[in-house]
Amino acid sequence: MRRVYLDNNATTPVHPLVLEAMIPFFKETFGNASSVHYFGQQAKKALEESREKVAAFIGAKAGEIVFTSGGTESDNLAIKGVAYANRAKGRHIITSSIEHHAVLNVCKQLEKKGFEVTYLPVNRYGEVSPESVEDAIRPDTILITVMHANNEVGTLQPIDAIGKIAKARQILFHTDAVQSVGKVPVNVDSFNVDLLSLSSHKIYGPKGVGALYVRRGTRILPLFQGGHHERRRRAGTENVPGVVGLGRACELAAENMDEEAGKLLALMDRLQSGLERKVEDVLLNGHPTKRLPNTLNMSFAGVEGESLLLNLDMEGIAVSTGSACTSGTLEPSHVLSAMGVDPQLAQGSLRFSLGRENTEEDIDYVLAVISDIVKRLRAISPFYKSSSSPS
Ligand SMILES: *Cc1c(COP(=O)(O)O)cnc(C)c1O
């Protein structure tokens, strides 16, 4: 069966050149980077070269990169690290209502520990307004954390404007850039961020490795107690093959990003305009233009996203829904809810996230298959009423 993978915001396949770069570090160059002998020093050298590559990719200095186990750990380290290092100064944190759970659930946890969190609203496109950030600042605000690109709808936040405000008010600013790194330009200085999270497996690197950028002079408390790895900010023997993979993935992303983004945008436009032409009553969720070049979230009126997903899977097409199936009940996506999308339409949403391996043929295959599935599901839907049929 033909397989079309359109779930690249969930994870991406490892680039063949990334895998090639990693292999020696499972074999002959297996040393512990903390060891003083030859084996250790070879590993250490690779670790530091990767640190340079990751830093260069986001406009940082090597000493400002902390390797972690991925985006989730980077978000935890940034937010808890800043919160606990600064709790004598204040207890207030500002975030948005559409963050990834790696940020939202950390904030919820901190609320139980005596911190106060403001969850900023978003407009119908999923944008946070810089004015709302400014208005939320209190004398005891110690951190602002707003994601760069949303993983469900792809909307890009006015991160430069928020960064300017944070800098002017001397409040630490973290951004979860897991989805934007490698897809659109990311630069820690133009963003005015103090901390930035990224993850390897979203950019054709291996799973289980990521990085946190920590601007020089920013104090964070570590999450783990242990050895003096990563300048005492992240204890534990470094995942050298993983880190080498992340470094290579950043290098490749830097080389190919512009060309890749152009290609993805053309494919995404083909998909969006095809859906709008072939399927009636579809609606875009997210900003029409201020959006990642690979992410398309559409609502199909009168259809359950979950049913659509399963039917597409039977045809070899992998997509995702925003709704997470928790304990048997379908909860609408917190992102779409915050954007004010009608709950019924939110339940009928699908996320198509494109990647470097997708082709026009893939898109045309999806378009050929999906309209029949939608028609079939709508025919048995108690909710659907065609907007073009007479009432
Ligand atoms: C995937 C993702 C994460 C989590 O990263 P992991 O490396 O899978 O832990 C965090 N934030 C966003 C926006 C993501 O898309």
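**View 1. Gln 179 reaches the ligand with a polar side-chain atom.** In this predicted model, that atom of Gln 179 lies 2.7 Å from an oxygen atom of the ligand. Look next at Ser 199, where an N or O atom of the side chain is 2.7 Å from an oxygen atom of the ligand. Gly 71 takes part through its backbone instead: one of its polar backbone atoms is 2.8 Å from a ligand oxygen. How much of the ligand's accessible area does the protein cover? On its own the ligand has 380 Å² of accessible area, and the protein covers 88% of that.

**View 2. A shell of 13 residues surrounds the ligand.** Those that come nearest are Thr 72, Asp 176, Gln 179, Ser 199 and Lys 202. Which helix gives the most to this shell? Helix α3, spanning residues 71-85, does, with three residues. Sorted by character, the shell has eight polar residues, three charged ones and two nonpolar ones.

**View 3. Glu 48 forms salt bridges with Lys 44 and with Arg 51.** Start with Lys 44: its side chain meets that of Glu 48 at 3.5 Å, N to O. Both residues belong to helix α2 (residues 38-57), where they are four residues apart, about one turn of the helix. Now turn to Arg 51, whose salt bridge with Glu 48 has an N to O distance of 2.8 Å. Glu 48 and Arg 51 are three residues apart in helix α2, again about one helical turn. Are these side chains buried or exposed? Arg 51 counts as buried at 8% relative accessibility, while Glu 48 is partly exposed at 27% and Lys 44 is partly exposed at 34%. A network of salt bridges links Lys 44, Glu 48 and Arg 51 with Glu 230.

**View 4. Arg 356 and Glu 357 meet in a salt bridge.** Here the distance is 3.9 Å, N to O. Arg 356 is partly exposed, with a relative accessible area of 26%, and Glu 357 counts as exposed at 54%. In the whole model, the count comes to 20 salt bridges. As a general point, side chains of opposite charge can pair when their charged atoms come close.

**View 5. Tyr 204 and Arg 231 each have a positive phi without being glycine.** For Tyr 204, phi is near 70°. Tyr 204 sits in the loop that runs between β7 (195-199) and β8 (210-214), and this residue is buried, with a relative accessible area of 17%. For Arg 231, phi is about 50°. The place to find Arg 231 is the loop between β8 and α7 (240-278), where this residue counts as exposed at 62% relative accessibility.

**View 6. Ser 381 makes a contact with the backbone of Tyr 384.** A polar atom of the Ser 381 side chain lies 3.2 Å from the backbone nitrogen of Tyr 384. Ser 381 belongs to the segment after α11 (360-379), and with a relative accessible area of 15% this serine is buried.

**View 7. Cys 107 and Cys 250 are buried cysteines.** The relative accessibility of Cys 107 is 0%, and the relative accessible area of Cys 250 is 1%. How many disulfides does a search of the whole structure find? The search finds zero. For readers new to the term, a disulfide is a covalent bond between the sulfur atoms of two cysteines.

Key
Residues numbered from 1 in each chain as written. Predicted model: local features only at pLDDT ≥ 70, side-chain atom pairs only at ≥ 80, totals over all residues. Heavy atoms only, no water. Disulfide = S-S within 2.5 Å. Buried < 20%, exposed > 50% of the residue type's maximum accessible area, 1.4 Å probe, protein only. Helix = DSSP H or I, 4+ residues; strand = E, 2+ residues; numbered from the N terminus. Polar contact = N/O pair within 3.5 Å; in protein donor to acceptor, adjacent residues only side chain to side chain. Near = heavy atom within 4 Å. Areas by Shrake-Rupley, 256 points an atom, 1.4 Å probe, with all protein chains shown as cover. Nonpolar A, V, L, I, M, F, W, Y, C, P; charged D, E, K, R; others polar. Salt bridge = Lys/Arg side-chain N within 4 Å of Asp/Glu carboxyl O.
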